[in-house]
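Please open the model in your viewer and keep the selection panel at hand. The tour goes from the whole chain to a single pair of side chains.

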Amino acid sequence: MAKKKQKMVIIKLSESKYNQLLQAINKLDDVLDRINEMNEMFLSDVSRLNDVRYTMTDILDLHWNNEARRYEQKTSQSD
């Protein structure tokens, strides 16, 4: 059976935005390692996770859809 081609999305980032995203992913990795190793979460970890979420949604230009309860790509209607 032939594979169905999936629609591709190209994300262009400035070097500074790329570096912000890289730092956010490293923060996420650090927090998840701590949670996995200790089976414990500190309040500072929750704050760091919120920072990562904000950074990633800002860089990817996403908005929160209250009805669907998820982040979505911005459209001209949601700006």
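The stops below begin with the fold and end with two aromatic rings.

Start with the whole chain in cartoon style, bearing in mind that this is a predicted model. Colour it by secondary structure, and two helices and two strands should stand out, which follow one another from the N terminus in the order α-α-β-β. The radius of gyration is 16 Å, well over the 12 Å that the globule rule gives for 79 residues, so the protein is more spread out than a compact globule. If you draw a box along the principal axes, the C-alpha atoms fill roughly 45 × 40 × 35 Å.

Next, select contacts between residues at least 6 apart in sequence; of these, 30% join residues at least 24 apart.

Now switch to the surface. Its accessible area comes to about 7300 Å², and carbon and sulfur atoms account for 50% of that, while buried residues make up 13% of the 79 residues. Then colour by charge: there are 13 positive and 13 negative charges, and the mean positions of the two sets lie 10 Å apart.

For the last stop, which residues form the aromatic pair? The structure holds one such pair, and selecting Trp64 and Tyr71 brings it up, with the rings edge-to-face at 4.9 Å centre to centre and 70° between the planes. With the surface still on, check how far each partner is covered: Trp64 has 35% relative accessibility and counts as partly exposed, and Tyr71, with a relative accessible area of 34%, is partly exposed too.

Conventions
Residues are numbered from 1 along each chain as its sequence is written. This is a predicted model: local features need pLDDT of at least 70, side-chain atom pairs count only at pLDDT 80 or more; totals for chains, interfaces and linings use all residues. Side-chain values use heavy atoms; hydrogens and water are left out. Helices (H or I, at least four residues) and strands (E, at least two) are DSSP runs, numbered from the N terminus. The radius of gyration is taken over C-alpha atoms; the globule rule is 2.2 Å times the number of residues to the power 0.38. Buried means under 20% relative accessible area, exposed over 50%, partly exposed in between (1.4 Å probe, protein chains only). Contact means heavy atoms within 4.5 Å. Accessible areas come from the Shrake-Rupley method with a 1.4 Å probe; for residues, only the protein chains shown count as cover. Lys and Arg count as positive and Asp and Glu as negative; His and the chain ends are not counted. The place of a charge is taken as NZ of Lys, CZ of Arg, CG of Asp or CD of Glu. Rings of Phe, Tyr and Trp (its six-membered ring) pair if their centres lie within 6.5 Å; planes under 30 degrees apart count as stacked, over 60 as edge-to-face and the rest as tilted.
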